[in-house]
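Visitor: Could you pick one part of this model and take me through it up close? I'd like to know what surrounds it, and how it fits into the rest.

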Amino acid sequence: MKKIIEVEHLVKRFHQIVAVNDISFEVEEGEIFGFLGPNGAGKTTTINILCTLMKPTSGRARLAGFDVVRQQNQVRRSIGLVFQDPSLDIRLSALQNLNFHAFVYNIPGKVRKKRIEDVLRMVELWDRRKDVVRNYSGGMRRRLEIARGLLHYPKVLFLDEPTLGLDPQTRHHIWDYILDLRQRESITVFLTTHYMDEAAVADRIAIIDYGKIIALDTPDALKKRVGGDIVTLKTENDEAAIAEIRHHYSIDAQRDSEGVFFEVQNAEEFIPLLVNKFNTEIHSISLRRPTLDDVFLKLTGHQIREEAGGDVAMRRQWAMRQARGQPGRFR
Amino acid sequence: MSNLRAVYIIWYRDLLNFWRNKGRLFASFIMPFLFLVIFGTGLSSSMFLRGGGTQGEGLNYIQFLFPGIVAMIVLFTAIMWGVSVVWDREFGFLKEVLVAPISRTAVAIGKTLGGATIATIQGMVMLIFVPFVGVSLSLGQVLLLIALMFIFACSVTAMGIFIASRIRTMETFQVVMQLLLFPMFFLSPALFPVQNLPSWLGALVRINPVSYGVDSFRQSILEPTVAMSDFGMSLFGHTMSIPEDILLVALFGIVMVFLAVRSFSTQE
């Protein structure tokens, strides 16, 4: 397989904060590559470097064989982008937005109309093509951005949190497009997300935390790293339960807001044994298969949904937004 | 070639957005209209600008003021067009432009031409007041004036865009522009003749590029009515002609376009 993205020892510093800390990875042509991590982990910074909006502090990145610092225009022509934050002109219609894009990407006049119609039909916005984008819902805007990102037939489509802030139904809808697209166009998709279920559709996932890639593998292989099934107990006395589990089965259980949880192989058979001779009173037991959430927790020691957890991460995120020139939420 | 198409579409989008917002077109006439009708009429009733030497030749204040007000609307519209850059940044559209495979020069030039076209259109609409202020314009004069307005507008738009490219929020842009705009307007010959100013004020007027734009407008509008040597700008004792005026304005504009291009190139 051909390598479409090659990243070597990439570093990006914003003043004293290291947003991207010496990451290296490769993406193969035609695959869906997921970048998974909490807000402020360095996902968007990496994308910004790959799409030439930022210069790396050190390290190298090549896209479709072009260097992202020295061959910016060739890189730009090879990529389509759906940014995390909206980037449409909401005062213009869908047609006018796409027309603008067609001109700046130098799509010849002969094929322009046809291509615009194609992408608009694909995202089911053809009927609304003359409406001003201001009147579109969040999901429609996202679909229009995806259509725009595809208009110039890019080799790589970047989707930075493509479903952020959308309702579950719309999220689902947009994923259908992306998967369908991959089937038809053999395009490479590079996506970032902090939704575990979204990352699971990727062929390979890089888990990124505090600017470092801490794991890179297929979703299945990553799930296997967690080991067995996860059993969660709600008990009368969590401390006693943990001690008891350690004593009888040599398993280190942990506590969180849900209760006591631990990993075990063949949980279906294990649970009856446990219940039979457990001294601490158990209120409920739940069992589930490992998910990417568990992988993340296991690898990083914290949960992805804690909004990057705590003060340090908040400040990191704030500083990075500042550096990107976006109005921060914490201002 | 691809950059020319980019310049065209960036210019075209600015015009589209301007046209979609026709309300602003009318709103932007309120200030100049008040200046012209109230300020101008009021001061005309007690002021007459006598020409030097020869008798009987002179100007009504409102005649004197009119070119200044045309310059005012061009200046205000052009410089405020920088807000579209801030707007694009705040609403994310700037990213779409900056990540496109076009040179940053094309972006800066497209934006400059867009804002300049709009400012020129606004300036042209002001010409409907010509019959009411007691001046007459030939077709040749109108064409010359349009060309002068466009060059002046390009220079000022480029300045607005350069400043806007360094600014992140609307609020900051508004404040910075107010701080710049009024000194640039007041320290020009728009509202008063500059011949007999105290030297400190005269010096400030002479280093202000807007002054030469105003002067070129005034000459092109009033020249047949009155000898401009009495009311025109002079630099080191030399009375400026229209080509000299507009050359200075254009030089200023070229510097500003250069700065804007450089500023866009270092955007992250």
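Guide: Let's zoom in on helix α5 of chain A and then work outwards.

First, some housekeeping. Residues are numbered from 1 along each chain as its sequence is written, while chains are lettered from A and ligands numbered from 1 in the order in which they are written. The model is predicted, with local features needing pLDDT of at least 70 and side-chain atom pairs counting only at pLDDT 80 or more, whereas totals for chains, interfaces and linings use all residues. Here pLDDT is the predictor's confidence in each residue, from 0 to 100. The model has an ipTM of 0.85 and a pTM of 0.80.

Chain A holds twelve helices and 14 strands; these are DSSP runs numbered from the N terminus, with helices being H or I over at least four residues and strands being E over at least two. Our helix, α5(A), covers residues 138-150. Does its length add up, or not? Its 13 residues should span 18 Å, and the end C-alpha atoms sit 19 Å apart, which agrees. That expectation is 1.5 Å times one less than the number of residues.

Is α5(A) largely enclosed or open? Ten of its 13 residues are buried, so the rest of the structure largely encloses this helix. Buried means that 20 or more other C-beta atoms, placed from the backbone, lie within 10 Å of a residue's own; 12 or fewer makes it exposed, and anything in between is partly exposed. The buried residues include A:R141, A:R142 and A:R143, along with A:E145, A:I146 and A:A147. For scale, buried residues account for 40% of the 331 residues in chain A.

What does the covering? Strands β6 (79-82) and β7 (156-160) are among the elements over those buried residues, and so are helices α3 (94-104), α4 (109-122) and α6 (168-185) of chain A.

Two residues of the helix lead us further out. Take A:A147: along with A:F158, B:V74 and B:L75, it has the most contacts inside the largest nonpolar core, a set of 153 residues. Such a core is built from buried Ala, Val, Leu, Ile, Met, Phe, Trp, Tyr and Cys residues joined through C-beta atoms within 7 Å. Helix α4 of chain B (residues 61-80) is the top contributor to this core, with 16 residues. Setting aside neighbours within four places in sequence, B:V74 has contacts that include B:A119, B:M149 and B:F152; a contact means that C-beta atoms, placed from the backbone, lie within 7 Å.

Now take A:E145. Its C-alpha atom lies 7.8 Å from that of A:S87, although the two are 58 residues apart along the chain. A:S87 is in the loop between β6 and α3 of chain A and, with 23 C-beta neighbours inside 10 Å, counts as buried. Not counting residues up to four places away in sequence, A:S87 touches A:E145 and also B:G92, B:F93, B:K95 and B:E96.

That brings us to the contact between the chains, which takes 24 residues from chain B and 25 from chain A. On the chain B side, α1 (2-20), α5 (82-90) and α6 (93-98) each supply at least two residues, and α1(B) gives the most, with nine. As for confidence, chain B has a mean pLDDT of 85, with 92% of its residues at 70 or more.

Finally, just past our helix, the loop between α5 and β7 of chain A holds A:Y153. Its phi is positive, near 50°, in a residue other than glycine. Most residues other than glycine have a negative phi, hence the flag. A:Y153 has 13 C-beta neighbours inside 10 Å, so it counts as partly exposed. A:Y210, in the loop between β9 and β10 (212-217) of chain A, likewise has a positive phi of about 50° without being a glycine. With 18 C-beta neighbours inside 10 Å, A:Y210 is partly exposed too.

Methods:
Contact = placed C-beta atoms within 7 Å.
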